[in-house]
Amino acid sequence: MCGIVGVVGSTNATDILIQGLEKLEYRGYDSAGIFVANENQGQLIKSVGRIADLKAKVGDAVEGTIGIGHTRWATHGKPTEDNAHPHRSQTERFVLVHNGVIENYLQIKEEYLTGHTLKGQTDTEIAVHLIGKLVEEDGMDVLEAFKKALSIIEGSYAFALIDSENTDTIYVAKNKSPLLIGLGDGYNMICSDAIAMIRETNEYMEIHDKELVVVTKDSVEVQDYQGNVIERDSYTAELDLSDIGKGTYPFYMLKEIDEQPTVMRKLISKYTDETGRVTVDDDIVKAVQDADRLYIIAAGTSYHAGFASKNTLEALTGKPVELGIASEWGYHMPLLSQKPLFIFISQSGETADSRQVLVKANELGIPSLTVTNVPGSTLSREASYTMLLHAGPEIAVASTKAYTAQVATLAFLAKAVGEASGKAEAKAFDLVHELSIVAQSIEATLSEKDVIAEKVETLLGNTRNAFYIGRGNDYYVTMEAALKLKEISYIQTEGFAAGELKHGTISLIEDGTPVLALISGDEAVAAHTRGNVQEVVARGANALTIVEEDLAREGDDILVNKVHPFLTAISMVIPAQLIAYFASLQRGLDVDKPRNLAKSVTVE
Ligand code: F6R
């Protein structure tokens, strides 16, 4: 969701910006633009659609030593060229890119910008007009005007500003939206995500909320809004350029699905010591032991991973687990227990809805743990503790390996806490062994891609809707399976507790409605789900069964190798990920970049 990249002091600013924007594409966007300048002149180029369209417009003609670029995911105003960033002030002297939402933009327009002509409908254009007015009409210097504007603007933002009359500085500020500084030799960069800068540098500096940074080619000065200079150390990130390439894969999603056995094995190595014992940071284990209830807060797929981990956490730690949708809890925090621990699950670590709850938790003094794929992300920095997913960058919008890594990581947490608390069930659960079996089970399912692709063609063809059903952990997996299918194939899909269908929704079943049933775990439970499959088939549904091999019956469609009941949410989701992938592919859609969606959802 909206990406920013900027560079000062490099002789090939245009190339760096375009390459950076390409790396930010995965976040989701519908238009893009760059502003590049040298001492004499600046050029603004914008385009609706893909970065490739922007690149074609830029050609070879645009050169400069400073620039800012942006991918826009429309919030205020349609995805048009006028609404694309960068935006310019009234006299075109100031150029600004922005990620976030300015809540009082209409009030600013009325109060400060009478007589100004705006080209589009965005909140960002109002911000740059305000800065221009403060300098050119009210006589402030640039830094003073930027600070004044920041004191007027309410909402979330990462801003990067260039004064085209003084092209050696980028002015930056942030509140609630991600932005990082990248440090180079003779140049410096800014970016929403380290991934877009790793070609140029692996040394980064954080910016905290309500900080302003003055970036030139050889200096970076961080200040608070009162002008006090803040000393901040830089850090080196372990990102590997080869991690973010697609290699020979047609889509990142398929690559990321295929990486899951490796991710499971990597997690084993990260969360065990040299003797093979499961180890999780003592402080984290103690924080869970001290809590009387665990509250998992997350969004989308990460929320589903929370459900998929609930049974394991409860069984092994003995602590009740409650789930919260981040976008709801931000406004309505339920009655909490005496000693809560909040666990935030987030692939990106930047989800604004989750962050909103974390800010409240911190205000209330509630301890928190973030389980994330991105070290140094906002949710990681601001929580009391962090556990990393070690899944490598996830680029496809549809989350796959992060989900399975989340479930596995929380299993390590459950095991470590249970063992430390002397719980017999935790001691008996050989997670390392069981997760190795899961890795093999995933590999076995991945080797059935052709079979799955064929079944998808027959079952989902031109259908407009579908249902996933399951019981227990399988029910939790149906939520994720349904989200995966609908978000990238646009087939309206619901995940249902198998027994619940007959209480209303079964009226939607008609001739040919696809119903995909997940059946794992216990024979008795499986028999009930099979009964529910019969109910829908009797009403005309086309059923597809995904079944653990020991429960298989003749006619079952996809068999999954048996794994420990605590880990079926990992093995059973793999066929569903592949089903979604092939459904999207067969419909000729852009698997990695489904419409309207963003990878990193940085607005509330
Ligand atoms: C769906 C998907 C989203 C994210 C959600 C939360 O495939 O990826 O539903 O799970 O936007 O994002 P994170 O995990 O980054 O907090």
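The legends below describe close-up views of a predicted model.

**View 1. The largest nonpolar core and its best-connected residues.** This core comprises 126 residues. Those with the most contacts inside it are Ile343, Leu413, Leu435, Tyr468, Leu567 and Ile579. Helix α13, residues 401–420, gives the most to this core, contributing twelve residues. A second, separate core has 29 residues, among them Ala127, Val128, Leu130 and Leu161.

**View 2. Contacts of Ile579.** Neighbours within four places in sequence are left aside here. Ile579 is then in contact with Ile452, Val456 and Leu460, and also with Tyr468 and Leu485. Its other contacts are Leu516, Leu544, Ile546 and Ile558. Both Ile579 and its partner Tyr468 are among the residues with the most contacts inside the largest nonpolar core.

**View 3. Helix α13.** The helix has 20 residues and reaches 28 Å from its first C-alpha to its last. That span is close to the 28 Å expected at 1.5 Å a residue. Because 18 of the 20 residues of α13 are buried, the helix is largely enclosed by the rest of the structure. Just after α13, Gly422 takes a positive phi of about 70 degrees.

**View 4. The surroundings of Lys401.** Lys401 is located in helix α13. Its relative accessibility is 2%, under the 20% cut-off, so Lys401 counts as buried. Not counting residues up to four places away in sequence, Lys401 touches Glu256, Glu259, Gln260 and Val263. On the same terms, Lys401 also touches Ala391, Gly392, Pro393 and Glu394.

**View 5. The second largest pocket.** The volume of this pocket is about 600 Å³. Its lining is made up of 28 residues, of which Ala299, Gly300, Thr301, Ser302 and Val601 lie nearest the centre. By class, the lining has twelve nonpolar, eleven polar and five charged residues. At least two lining residues each come from α9 (300–317), α10 (326–329), β18 (340–346), α11 (352–363) and α17 (473–489). Helix α9 gives the most, with five residues.

**View 6. Gly28 and Thr71.** Gly28 lies in the loop between α1 (13–24) and β2 (31–37). With a relative accessibility of 5%, Gly28 counts as buried. Gly28 and Thr71 are 43 residues apart in sequence, and their C-alpha atoms are 8.0 Å apart in space.

Terms used. Residues numbered from 1 in each chain as written. Predicted model: local features only at pLDDT ≥ 70, side-chain atom pairs only at ≥ 80, totals over all residues. Heavy atoms only, no water. Core = buried A, V, L, I, M, F, W, Y, C linked by side-chain atoms within 4.5 Å. Buried < 20%, exposed > 50% of the residue type's maximum accessible area, 1.4 Å probe, protein only. Helix = DSSP H or I, 4+ residues; strand = E, 2+ residues; numbered from the N terminus. Contact = heavy atoms within 4.5 Å. Expected span 1.5 Å × (residues − 1). 1 Å grid on protein atoms, 1.4 Å probe; cavity = no way out; pocket = protein on both sides within 12 Å on 5 of 7 lines; lining within 4 Å. Points joined across faces, edges and corners; volume = space filled by probe spheres on them. Nonpolar A, V, L, I, M, F, W, Y, C, P; charged D, E, K, R; others polar.
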